[in-house]
Amino acid sequence: MSDHSMDDIKSHVKVYMLVFASLAVLTVVTVAASYMDLSSGEAIFLALIIATIKGSLVASYFMHLISEKALITWILMITFVFFFILMFIPTIAFFDWVNIS
Amino acid sequence: MEIPYTVEERPDTGLINSKLGIWLFLASEVMLFGGLFSAYVFLRLGAPDGAFHEWGQELNVPLATLNTLILISSSVTMVMSWASLKMNDFKKFKMYMGITLLCSVGFLVIKYIEYTSKFHHGIFPSTNTFMAIYFTLTGLHGLHIIGGMIVNGFLMGPGSKMWKTEPEHFTNRIEIAGLYWHFVDLVWIFLFPVLYLL
């Protein structure tokens, strides 16, 4: 990112402030949503959606992923494949593979 | 021996070495926290119906919301400290980095208040599986905050001498430290709803 001109950075700063405001608003929204009368499935879905939006904002703008080199995008895509596998491992434990019971 | 490609991009990767390095490290961090998130799912599925939610009611949502806002603010000031260097404003860099460090201290103070109030009420990691994963996840995250504070403190203090001799290299160091700091913020963005709200 060494090729940025001063004006570039100034417009970046505006974006950072917008992202900051969005993150603050989404934090309030996610807390408010938790007080709504939702089923636990709906609540989990909504909370994870909001967290994912917030996380993407941080990654895209603060971490500059939106204008980052392809190599890093590739590393992260592979990471997320493994991450999702990791998330699904626990559910395997709840299938009765050999019909013990 | 000097570290190569701290300012110039390496031709084959198109990146400075430190940036590739930090992203690979962060990828490993995703898996470290991922393993614990996976443990959370496992424990939640294994707990009696609704018990996990019930056990989580002991946590202080207003304090955690405040902490979320503090951490988000520190992410903004961190990126602003980098932007200040890009605009050749060393004083502003120091100011923003200072605020970032203050926010980190604030976060840890609130975390300390939360932890001690749990202990006073006789709630420990051994109380139930929710508290076990709560203390593990927030404890590991807290250690990451402390690690970031050490690096940021160094870069604001003695490490900032580099600005006079190698400004571009120093600016890159701030960007790399920032990437780590934003990651710590990102982890909290997921920890907060998962532990406090669900």
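These exercises work through a predicted model with chains A and B.

**Exercise 1. Describe the fold of chain A.** How many helices and strands does chain A have, and in what order do the elements run?

Solution.
- Step 1: Count the elements. Chain A has three helices and zero strands.
- Step 2: Read from the N terminus. The order is α-α-α.
- Step 3: Check the spread. The radius of gyration of chain A is 19 Å, while the globule rule gives 13 Å for 101 residues. The value is well over the rule, so chain A is more spread out than a compact globule.
- Step 4: Look at the box. Along the principal axes, the C-alpha atoms of chain A fill roughly 70 × 40 × 10 Å.
- Step 5: Look at burial. Of the 101 residues in chain A, 32% are buried.
- Step 6: Look at contacts. Take those in chain A between residues at least 6 apart in sequence; 65% of them join residues at least 24 apart.

**Exercise 2. Describe the interface.** How many residues of chain B are in contact with how many of chain A, and what area is buried between the two chains?

Solution.
- Step 1: Count residues. On chain B, 49 residues are in contact with 46 residues of chain A.
- Step 2: Take the area. About 4,300 Å² is buried between the chains, and carbon and sulfur atoms give 82% of this.
- Step 3: Find the charged pairs. There are two salt bridges between chain B and chain A. One of them joins E9(B) and K69(A). Their closest N and O atoms are 3.5 Å apart, and the cut-off is 4 Å.
- Step 4: Count polar contacts. Four residue pairs are in polar contact between the chains, with both residues at pLDDT 80 or more.
- Step 5: Locate the surface of chain B. The elements giving two or more residues to the side that touches chain A are helix 1 (17–46), helix 3 (61–86) and helix 7 (167–197). Helix 1 of chain B gives the largest share, 17 residues.
- Step 6: Sort that side by type. It divides into 31 nonpolar, eleven polar and seven charged residues.

**Exercise 3. Examine two positive phi angles.** Where does H64(A) lie, and is N88(B) buried or exposed?

Solution.
- Step 1: Read the angle of H64(A). Phi is about 60°, positive although H64(A) is not a glycine.
- Step 2: Place H64(A). The loop between helix 2 (40–62) and helix 3 (70–92) of chain A holds this residue.
- Step 3: Test burial. H64(A) has a relative accessible area of 5%, so it is buried.
- Step 4: Turn to N88(B). Its phi is also positive, near 60°, in a residue other than glycine.
- Step 5: Place N88(B). This residue is in the loop between helix 3 and helix 4 (90–120) of chain B.
- Step 6: Test exposure. N88(B) has a relative accessible area of 58%, so it is exposed.

Key. Residues are numbered from 1 along each chain as its sequence is written. Chains are lettered from A and ligands numbered from 1 in the order in which they are written. This is a predicted model: local features need pLDDT of at least 70, side-chain atom pairs count only at pLDDT 80 or more; totals for chains, interfaces and linings use all residues. Side-chain values use heavy atoms; hydrogens and water are left out. Contact means heavy atoms within 4.5 Å. Buried area is the accessible area (1.4 Å probe) that two parts lose on being put together, summed over both. A salt bridge is a side-chain nitrogen of Lys or Arg within 4 Å of a carboxyl oxygen of Asp or Glu. A polar contact is a pair of N or O atoms within 3.5 Å; within protein, one must be able to donate a hydrogen and the other to accept it, and residues adjacent in sequence count only if both atoms are side-chain atoms. Helices (H or I, at least four residues) and strands (E, at least two) are DSSP runs, numbered from the N terminus. Ala, Val, Leu, Ile, Met, Phe, Trp, Tyr, Cys and Pro count as nonpolar, Asp, Glu, Lys and Arg as charged, and the others, Gly among them, as polar. The radius of gyration is taken over C-alpha atoms; the globule rule is 2.2 Å times the number of residues to the power 0.38. Buried means under 20% relative accessible area, exposed over 50%, partly exposed in between (1.4 Å probe, protein chains only).
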